[in-house]
Structures are given as structure tokens and as C-alpha cells.
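Hi everyone, and thanks for making the time. I'd like to walk you through a structure that may be new to you, so let's put it on the screen.

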There are 2 protein chains.
Amino acid sequence: MDLVTIDDIRTAAERIRDAVVRTPLLPCPWADPERPLWLKPESLQPIGAFKLRGAHNALAALDDKTRARGVVTYSSGNHAQAVAYAAREFGVPAHIVMPDVTPQVKVDNTRAYGAEVVLVPIGERESAAYELVEKLGAVLVPPFDHPDIIAGQGTIGLEIGTDLPDVELVLMPVSGGGLASGIGTAVKALCPNAAVFGVEPELAADAAESLRAGSLVDWPIERRARTIADGLRSQPSELTFAHLRSVLDGIVAVGEDEIRAAMAVLATKGRLVAEPSGAVPLAAYLNRADELPRGRTVVVVSGGNVERTLLADVLRRDS
Amino acid sequence: MDLVTIDDIRTAAERIRDAVVRTPLLPCPWADPERPLWLKPESLQPIGAFKLRGAHNALAALDDKTRARGVVTYSSGNHAQAVAYAAREFGVPAHIVMPDVTPQVKVDNTRAYGAEVVLVPIGERESAAYELVEKLGAVLVPPFDHPDIIAGQGTIGLEIGTDLPDVELVLMPVSGGGLASGIGTAVKALCPNAAVFGVEPELAADAAESLRAGSLVDWPIERRARTIADGLRSQPSELTFAHLRSVLDGIVAVGEDEIRAAMAVLATKGRLVAEPSGAVPLAAYLNRADELPRGRTVVVVSGGNVERTLLADVLRRDS
């Protein structure tokens, strides 16, 4: 299987340069002095999550004629908004298939970027998307299972390696695995001595089990859906799993209360609003020091799209 | 009176380059399309506010021998932490005079950066600071009334002008006036067609009254202290007032409920934690469109040091 290379990621970086925020590394004077910490706030992308990098790169990689026919995806999360936003930037139609149980606010946000939202029963998401692709001659932009998506997310690792060449540990969430595959590829190329660790919720730790088993293990969606980290309920594909096996030095899991507490730390000490999925890597930094290499650490805050009532609840809880 | 120049600000930018975060401009797809909006998140500086720029520049401008004797300031707010943090970076002692009614968390934060905190009755702050300066041969680093402080804060304007040369309006808070003086000087030099507007709380709108009067008007501290924006209770000095008269195109005022609502918008749509003072310019963008020029707008989010209970309260309020 062909894996994404650092050259693919460099190409992606050129393509997305004017479309995404070049996020800074934020030093954290409140962190453990023996493990200096920087946050990479991808929550500050225009759609509130890293997903814009992969989506924009995937659209940019299409030839003009193909792209003009429009793009299709199925997602109720950040990828939906990323594809809608990127399609608007290119001035092409976007069709987003969402389960008919999707919260109205997410439907509204996606429509606000000019996308056509198609609501279907949850079991028909993929088939409805493929029907649209056939009917419209449009292109499917999958959420993670594609080299252009992986290369786009990998630009985060390129920026980390450029801004902090002596980084010793990079922590990011693992779900479908596109983010970890891309970042890991870039960091290993630029900083071969740095360790790259994935982090999952304990309630959706399928990737860890798959890595231990050496092949993909299926966790039913009902099992993965228990975590509060709604962005981390997917499973790796064969493509992303091959990357994870190649680039990850390890993977750790965190509990639900640890995720909530990390959201509060990000808000109060990091001044960042993170969604539960975006706080998962910091939860590992704060609670799994004994399972991680020590040294200069970058934690990727992958997204910030959270219900305000949940954020308020998390802030009240430990105060 | 000699005003700070763009060359002073460029010199400051060189001095502070490795000590502060080069904050990005964050595009806001949720804003009024006729007034495209970018946020400049100074809340993401290591101490949670722009004050580090001025403090670091002031310390960097001292000769080594003078700086080694240590620095003194009086502040209970973000400037205290900025001086403490900058002094630690230079490895020199910092003595911070605080009123004995300062909340313990602010005392603790300042001490955490290694500063010596001296608690005195509130009326004795300045005299205690000058006594320390005499006794120790140390240097006083004032919160805004100094060219090096103004030049340091001005680096924000330099970055805005570099990143968005066709900006049409810049909005930032006005209190002691160091921030607005510096940003205004830089923006007027780089983008002469851009308008620069200050924003105050209605409950501390002394600078607006002074600008109307053409000379400094005193509002008693009890009057200014009514605003929730605890970082905006100072008044301009002769030095900063001369800058404000030179560089501001106007000044507007916002209400307390507008400030709270802007904090909620920053958290939910901007994914940024802002303190009340840091939300004041966005409150003007959202509620004072009729008093402001239209066009590409940058709003400076000056700080993010807020009590978690207040943040939680603001999030619950309109939800």
C-alpha cells in the first residue's frame, strides 16, 4: 500500500496556504517544567477544527472541470462544515448527507456555508452519498480515508516541525486516523527523534486494540458512541491503519472525567475553547505522564465546536 | 512632546520576537459579510494578554547592568504578570507592588513567575513602588506611561498591517492608552487609509470625554471601577493622550450587557476565552456599526484572564 509522503504534505501546504490559519505554537508556562508544553490550536481554523486542511487540499487537488461538478460527503461533524466551507471558497456546489437526527445547529452551520444538506435515515448515509455522486457526476470527499485528506492534515505536523525542530513528543487524537497519519508522517520526516503518540477515549479505544492485534478490530458504533468526544467515534480504515502502524510510537487512552477536566484547563489556563475531542490529547499529557516520553511536548487541540451549555457545565464542575 | 515612531515599533518587534507569540489574524465566517472580520487573539500570549509585548520591550531596552538590579512595578492586573514573566526570561528580580485587597489567585500567578509580591494598602501603591526603586536601585516599569511600553504594544499594529495590508478599520480597547497609542501609530504608518477606533466601556468612558474636551478629564476611580471590564479602569497619561489625539479616528463606548454578550460570542463562535476587557472591541463591532466605518475590520482581543465562574455565567445567560 502506498503511504503518504512528506512531499505530498509539502504539496498540500502550498495548496492550502491562503485558505487556512497558520496556527502558532502556544507556550504554556503553567505546565510541568520537566515536560515543557506547547498547544497547537487547530480549534482556531475558520470552521473551528483541523478538518479544513484536508478538505481544502482534497478539493484543490481536483482538476477544474471535475471540481466544477461539485463535491459530496457524508458527515454530521466538523468534516461536513470543512467541505462546505472549502467548496464555497472554490465556488463549487457541495452536497452534504447528514443523518436526520443531526442537531439543527449543525445543519444550520453547514447550510450557512452555502452547502445543500440532504437529511436521510442514519443507516442510509453512505448509500445516499454514493447515489448523489452517480446522479450528479460529483466527487466524494471522504472524511479520512484518502491520501489527499491525510496529506492535508499532515500540514499540522509540517508546521510543528518547522516551528519547534527539537520537539520530543507530539500528542494528537486518533479516530478515523487521518489526522494522526498525516501529523505522524510529517513529524517523523522532519524530527526523526521525536515520539508521536495517539490518544483515544477509553470508551472508543478501538485503534489501540487494533494496533495491539496487528489488524483492524471492529468496535460496534453503539460501543464507540458512549464517549463524550463525539469527534472520535470513527475507526481507522485500511489506509490510515497502515499509516498508524508506520508512524505511531504508541497510543494511550483517557477517561471521560479526564476529558472534561482537560476542557476546563484549556479554557482557564490556555484561554482556548475546545470540544471534548479537542481536549483528549491534553488529558493524556495531564494524566498519563508515566506512559509517555518526557521532554518538549506539543499537544494538538484539534477542534473547538462545543455546545455552550456543555462548556459552561465543565467550567462550573471543578470551580 | 516626542511621540513614538514606526521605527521605535520596528525596533521593539526585533527585541520581542522570540519572547511573544506571533498571533495570527483569525477570519470570522460568522460575521457581517459587508464588514469582514478578523480577530487578533492577544489573549493567547503566555500570560494571557498583550501586556507582555510592552513589558518585554521595556526590559530589553535597558542596558544589562541596569536591568540586573531588577525591576519594579505596581499593578494587580495583567501588567504585573507581564513584568514578572519578562523579568524571569531575563533572569533578573521583579518586585510587584499590589494592593492588599488583590484576589489571591492574581498574587499566586505573579509569584509563580518568580516575582516578589509586596502587598500594601491600596492608597500606598505608587509610593511603595518608588520607595523600592530608591532602596534597590531598580527600574520602574510603568503599565503604559512610557515610550518603550507604547512601542512594544505597537508591534500588534505592525503585525496587523503586515498580515492584512488592506485593512479598513482596527478596533481596540482604550484604558491607560498604551495599547491604542502603539497600534494606532503602527497602523497609520503602514495603512494610512485605515481607520483606527478606540473602544471604552460606557462606565469608564473618560478617554472619550477627554478627546472631546481636548485635554485630560479626570473621572474618579470609584466611577471607573463600576465596569466589569477590570482591565479598562485606568486613564490616559499626558504621553498616551498625545498619541491618542494624533492617531485615533474616533472612539465609541459599549454597555455592560454588550460586553458580556461579546464574551459569549467570542467563546462560541471565535472559540476564544476573553476577559471582559478583551471583549469590549467586539462589543463595538456587534452593536455600534452605525458609528463605525464599514469594511475589512480587525478586532483586537486584548486578554483572556477571566474567572471561570464569570465565564460560565456568561455562557449560561443567553443560552
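Let me start with a question: which residue lies over the face of Tyr285(A)? That residue is Arg35(A), and it sits 4.1 Å from the ring centre. Before I go on, please keep in mind that this is a predicted model. Chain B gives us another arginine over a ring: Arg223(B) lies over the face of Trp219(B), at 3.5 Å from the ring centre.

Now to rings that meet other rings. How many aromatic pairs does a search of the whole structure find? Over all chains, the search finds two. In chain A, the partners are Tyr85(A) and Tyr113(A), which meet edge-to-face, with 5.4 Å centre to centre and 90° between the planes. Where do these two tyrosines come from? Tyr85(A) belongs to helix 4, residues 78-90, while Tyr113(A) is in the loop between helix 5 (104-112) and strand 5 (116-120) of chain A, so the pair ties together parts that are 28 residues apart in sequence. Are the two rings buried or exposed? Tyr85(A) has a relative accessible area of 8%, so Tyr85(A) is buried. Tyr113(A) is buried too, at 11%.

Chain B holds the other pair, formed by Tyr85(B) and Tyr113(B): edge-to-face, 5.4 Å centre to centre, 90° between the planes. This pair links distant parts of its chain, with Tyr85(B) in helix 4 of chain B and Tyr113(B) in the loop between helix 5 and strand 5 of chain B, 28 residues apart. Both Tyr85(B) and Tyr113(B) are buried.

While we are in this area, let's look at Gln81(B), which is also placed in helix 4 of chain B. Its relative accessibility is 4%, so Gln81(B) counts as buried. What does Gln81(B) touch, once its neighbours within four places in sequence are left aside? The contacts are Ile47(B), Asn109(B), Thr110(B) and, from our aromatic pair, Tyr113(B).

Next, please turn to helix 6 of chain A, residues 125-136. At 1.5 Å a residue, its twelve residues should span 16 Å, and its end C-alpha atoms are 17 Å apart, which agrees. Which residues of this helix are buried? They are Ala128(A), Ala129(A), Leu132(A) and Val133(A). These four cover an arc of only 145° around the axis, which puts them on the same side of helix 6 of chain A. On the other side, Glu131(A), Glu134(A) and Lys135(A) are exposed. The buried residues pack against strand 3 (71-74), strand 4 (94-99), strand 5 and strand 6 (139-140) of chain A. Just past the helix comes Gly137(A), with a positive phi near 65°.

And what about helix 6 of chain B? It has twelve residues and reaches 16 Å from its first C-alpha to its last, close to the 16 Å expected. Here Ala128(B), Ala129(B), Leu132(B) and Val133(B) are buried, and their arc of only 145° puts them on the same side of the helix. Glu131(B), Glu134(B) and Lys135(B), on the other side, are exposed. The cover over the buried residues includes strand 3, strand 4, strand 5 and strand 6 of chain B. Gly137(B), just after the helix, takes a positive phi of about 65°.

For my last stop, let's visit two polar residues of chain B that touch each other. Arg53(B) lies in helix 2, residues 51-61, and Gln153(B) in helix 7, residues 147-163. With 0% relative accessibility, Arg53(B) counts as buried, and so does Gln153(B), at 1%. Which side chain makes a polar contact with the side chain of Arg53(B)? It is the side chain of Thr155(B), at 2.9 Å. Not counting residues up to four places away in sequence, Arg53(B) touches a long list of residues, including Ile16(B), Glu42(B), Gln153(B) and Glu159(B). As for Gln153(B), a polar atom of its side chain lies 2.8 Å from the backbone nitrogen of Gly54(B). Beyond its neighbours within four places in sequence, the contacts of Gln153(B) include Phe50(B), Lys51(B), Arg53(B) and Leu179(B).

That's my tour. Thanks for listening!

Conventions. Residues numbered from 1 in each chain as written. Chains lettered and ligands numbered in written order. Predicted model: local features only at pLDDT ≥ 70, side-chain atom pairs only at ≥ 80, totals over all residues. Heavy atoms only, no water. Phe/Tyr/Trp six-rings, centres within 6.5 Å; stacked < 30°, edge-to-face > 60°. Buried < 20%, exposed > 50% of the residue type's maximum accessible area, 1.4 Å probe, protein only. Lys NZ or Arg CZ within 6 Å of the ring centre and 35° of its normal. Expected span 1.5 Å × (residues − 1). Arc of directions from axis to C-beta. Contact = heavy atoms within 4.5 Å. Polar contact = N/O pair within 3.5 Å; in protein donor to acceptor, adjacent residues only side chain to side chain.
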